[in-house]
Amino acid sequence: MPGVKLSEVTKRYGKITAVDHLSLTVHDQEMVSLLGPSGCGKTTTLRCVAGFVIPDEGKIFIGDQEVTRVPPEKRDIGFVFQNFALWPHMTVHQNLAFGLRLRKVPKSQIKRRVQEALALVRMEGMEDRYPRQLSGGQQQRVALARALVLQPRVLLLDEPLSNLDAKLREEMRFEIRELQRKLKITAIYVTHDQAEALVLSDRIAILNHGKIEQIGTPEEIYQRPVSKFVASFVGICSFIQAQVIKLSSDGAVLSTEDGLVISTKRTDLTLGQSVTLAIRPEFAEVFFSRPANDVNVFPAQVARFAYLGDNVDCWLKVGQWDLRIRLPAFRAISAGQQVWVHLIPEKIIIISEEK
Amino acid sequence: MGIKWHKFALKTVVLGLIAFLVFGPLSSVILWSIAIKWYWPHVWPQEIGLAYWKQALGLQRDWAIAAVSIWEAFRNSMIIAFIATCTTMGLAIPAAYALARFKLPIKPLFLLLFLMPKVFPQQPIFVNLLPSFTRWGLAGTLPGVIIIHILVCLLFGIWITTSAFKAIPESLEEAAWSVGATKWQTFWHILMPLAAPGLLVSTIFVFVTSLTEFTGTFFIGLPFITTLPMLLYSASGYNMQFASVLALVLLVPSLLFMVLTERIFRPEYLGAVGR
């Protein structure tokens, strides 16, 4: 099964550039998520691959074939819609069989293939139901089966889980991921839900303003974001602006405007450079009494907190900076309480954006 | 208990009122159609019988009964309504699909064009059309009247059909393309069945509009083409019996049409009309 390649794809709607010279390669059997806020161009990009939208510039390849101007029905793709888009006047069987019938597949084979596809999504025995007789989750399983029954070259999914409730959404993530692995199908998955992207993808492409900000494995995206946008979009992140004041083979030492001196392990910075420190909740330790170690230890005040059951989501004020961290739930804390926070040098992310 | 009683009373009154508004005039019409003699101040007809019905249906000829055979007018009405409805819907379906789906720069202009005959009084338009129709040899002919009916019906046809197509999510079409259906196959297998309730409403509306069309037929068709509304017009005012017979006859095709379509279409299609 072939991959998908987008080269310099651009789509404008009037004055708005929805997709801006976007290039992306999805390898054979790979699952890539397009992740971004609404209006970032992720759905338009997917619709370009499907052929529902014809880009103004650029080229799209499925395998070795250029499909930029090929109509959707000739692209051999499977598409799963956010609103399921099952045909309400057809039964589950008819929904799945429609594409096979158009391809003139013999009747006996149609029956077998429909049943196989329904078994894949654990919807056996539902052939004669109408879509309105199914729950949202069941409808989306049928929609998935409808896309898979034709054994398309590429599976395209447009926020397929966002109309389902939270619990079901979590289950379906794993199911879709397992199906994609089992069938070894190339897939592009559009979502605005970072957790979904982290669970599902081989690689995640973070989109903003019609461009890819960063593409990489979930680990790369989470641990080494290249911009503040990526860092704040995937996972929780606090930011501190600082300048490099000292360089050594051990790492750079930074200082903030209000005099916090922070040691890091980065050695590729230049003296005087302005950078952003990105700190994830798990990159900081909190002490309730002053610790012996005083490197990267700063006094902090609890600004506000929210009890989440297994832990406490806590906003600290460190100098002029806000720091969001997680505390174990068994520790009683109160707003205004004095604590000490230790920023772990090895873990601090340094973003040197030119902006 | 008290609340239930009030509700029941209210329901009865409302239903009674509706029944009276609908069936009151209708029963009066039925009564008039069988009244041979009915003079003031009598509450009920002094003499009843089927003489006007028989005369209208061509079963008898009696100079004392002021009614003519309606068969020619009935035939004309049906032919005109049938052809006008088929043509109108044939034009309206593609036009409505285009209006519902594509961003046409000329869309407002297009709708305005069809609104025009409804914004202006119809009479001057038809009067102005008459010389042209006469020049083209269409005045006083069946084709001429059919063309006028199409012009009158097209607005409703396109309007209702457009909203029928608009109500269908685009993703249902896209889903069809994604499984390999061409635009044409999508139209037949997905769009048409889903738009059926809307198309049905539109068709009934167009059919009834043509069946009862008066002004255009009056200017273009008379005196050579007579339809049921023409007969009704000339009978109304002085001949209540014959007018009542005609009014009831006019109801028949519409009722038949509705019963027929209800039989053909599945109930869920009709149920979706209100969406």
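A charge, as I will use the phrase today, sits over a ring if NZ of Lys or CZ of Arg is within 6 Å of the ring centre and within 35 degrees of the ring normal. By that rule K183(B) lies over the face of W177(B), at 4.6 Å from the ring centre, and in chain A the charged end of R304(A) sits over the ring of W315(A), 4.0 Å from its centre.

Before going on, I should say that this is a predicted model, in which local features need pLDDT of at least 70 and side-chain atom pairs count only at pLDDT 80 or more, while totals for chains, interfaces and linings use all residues. Residues are numbered from 1 along each chain as its sequence is written, chains are lettered from A and ligands numbered from 1 in the order in which they are written, and side-chain values use heavy atoms, with hydrogens and water left out.

Let me turn to the aromatic pairs, of which a search of the whole structure finds 21 over all chains; rings of Phe, Tyr and Trp (its six-membered ring) pair if their centres lie within 6.5 Å, and planes under 30 degrees apart count as stacked, over 60 as edge-to-face and the rest as tilted. One of them is the tilted pair of F165(B) and F187(B), at 6.5 Å centre to centre with 45° between the planes. F165(B) belongs to helix α6 (residues 142-166) of chain B and F187(B) to helix α8 (residues 183-212) of chain B, so the pair ties together parts that are 22 residues apart in sequence; helices here are DSSP runs of H or I with at least four residues, strands are runs of E with at least two, and both are numbered from the N terminus.

Are these two rings buried or exposed? F165(B) is buried, at a relative accessible area of 0%, and F187(B) also counts as buried, at 15%, where buried means under 20%, exposed over 50% and partly exposed in between (1.4 Å probe, protein chains only). Both residues belong to a cluster linked by ring pairs, together with Y97(B), F102(B), W184(B) and W188(B).

Finally, chain A has an open sheet of four strands in the order β2-β1-β4-β5, with antiparallel pairing, two strands being paired if DSSP finds at least two bridges between them. At the edges stand β2 (16-26) and β5 (65-66) of chain A, each with a single partner strand, so one side of each is left without a neighbour in the sheet. Two bridges join β4 (residues 57-62) of chain A to β5(A), and F61(A) stands opposite E66(A) in β5(A).
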